[in-house]
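Reader: I would like a close look at one loop and at the helices, sheet and core around which the rest of the answer can be built. Please give the cut-off for each term as you come to it.

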Amino acid sequence: MTLTFLGHSSARVELAGRTVLTDPLLTGRVGPLRRVAPPLSPSSWAGVDLVLLSHLHGDHLHLPSLRLLGRGTTVVVPRGGGAWLRSKGFTAVVELAPGEVHTDGRLTVTGTRAVHSGHRWGPRSTHGPDAAAMGHLLSGDGVTVYAAGDTDVFPAMADLGPVDVALLPVWGWGTTLGPGHMDPAGAALACTLLRPRFAVPVHWGTLALPGVARTRRMRSLLVDPPRRFSDAVAATCPATTVLVTDPGSPVALPTTWTAA
């Protein structure tokens, strides 16, 4: 298996003969937000077989990024969002709900619960598609990878573990976090439930509002959350190794590791 953290909630997972992107965010902007991490090379999304979307928010279901992958690429979307995505011209849309399974060759993708708003335009909107937010458990060739998407920690995470690798959000794109997110302490608590061999902090260091990125607080929030997460995991879940990885970089999984 190889793994690359592309930024925000986007990761490239090569497992069981398939190349998967989670919540692809590949361009330099998302609405008013700007990418403050280095830009991605097109090689970051070359050869993708499967896209996993955790929910419908614009920084996770990003239509310009999906168009870069091609409208015929298979996209797994939360159940209830398929018709809307097909209306945008995507032709290979699979709907999945928590507890349901999608199989692609040797790779199995299981939908998992998430605690987060699933509405396209946010929790207070009455327009646009609505579908339950979710995470994904990828399994193949004896390896399990949990991609949490956007979620708060919840007790039933314990039912998902142990896993080999957990991709856990540790912040967001602003100076504060709304409901349905994990901060470094929350993500460390999730580790105690999931019991991963390796944890990769995601959802940090990638996006910011113009101007805000230059403030002292935001400069700190663009770099500190994964380190705070790593320190918290060392104190509460010492069997887990945290692999802090800058956006756009390969994750340094040990070359000699084998699945449990």
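Author: T215 counts as partly exposed because its relative accessibility is 34%, where buried means under 20% relative accessible area, exposed over 50% and partly exposed in between, with a 1.4 Å probe and protein chains only. The model is a predicted one, in which local features need pLDDT of at least 70 and side-chain atom pairs count only at pLDDT 80 or more, whereas totals for chains, interfaces and linings use all residues. Residues are numbered from 1 along each chain as its sequence is written, and side-chain values use heavy atoms, with hydrogens and water left out.

T215 belongs to the loop between β15 (207-208) and α4 (216-221); helices (H or I, at least four residues) and strands (E, at least two) are DSSP runs, numbered from the N terminus. Although T215 and R228 are 13 residues apart along the chain, their C-alpha atoms are separated by 20 Å.

R228 falls within the numbering of α5 (224-236), and α5 is one of the elements against which the buried residues of α3 pack, together with β12 (143-147), β13 (165-169) and β14. Those buried residues of α3 are P184, G186, A187, A188, A190, C191 and L194, and the helix is followed by R195, whose phi is positive, near 55 degrees.

Helix α3 (residues 184-194) also gives the largest share, 5 residues, of the largest nonpolar core. That core has 54 residues, and those with the most contacts inside it are L3, L138, Y146, L167, L168 and F229; a nonpolar core is a set of buried Ala, Val, Leu, Ile, Met, Phe, Trp, Tyr and Cys residues joined through side-chain atoms within 4.5 Å. In soluble globular proteins, nonpolar side chains tend to be buried together. If residues up to four places away in sequence are not counted, L167 touches L3, A11, V145, Y146, A147, A148, V200 and V202, contact here meaning heavy atoms within 4.5 Å.

The strands can be followed next. An open sheet of 7 strands runs in the order β9-β10-β11-β12-β13-β14-β16, with mixed pairing, and two strands count as paired if DSSP finds at least two bridges between them. Its edge strands are β9 and β16 (241-242), each of which pairs on one side only. At one of these edges, strand β14 (residues 198-202) and β16 pair in the parallel sense over 2 bridges, with A199 standing opposite V242 in β16.

At the other edge, strand β9 (residues 101-104) holds H102, which counts as buried because its relative accessibility is 15%. Leaving aside its neighbours within four places in sequence, H102 is in contact with L50, V76, V94, L96, L107, T108 and V109. Of these contacts, V76 stands opposite V94 in β8, where strand β7 (residues 74-78) and strand β8 (residues 93-96) pair in the parallel sense over 4 bridges.

Finally, some backbone details lie in other loops. A cis peptide bond, with omega about -5 degrees, joins G161 and P162, and P162 is found in the loop between β12 and β13. H8, in the loop between β1 (2-7) and β2 (10-15), has a positive phi of about 50 degrees although it is not a glycine, and H8 is buried, with a relative accessible area of 1%.
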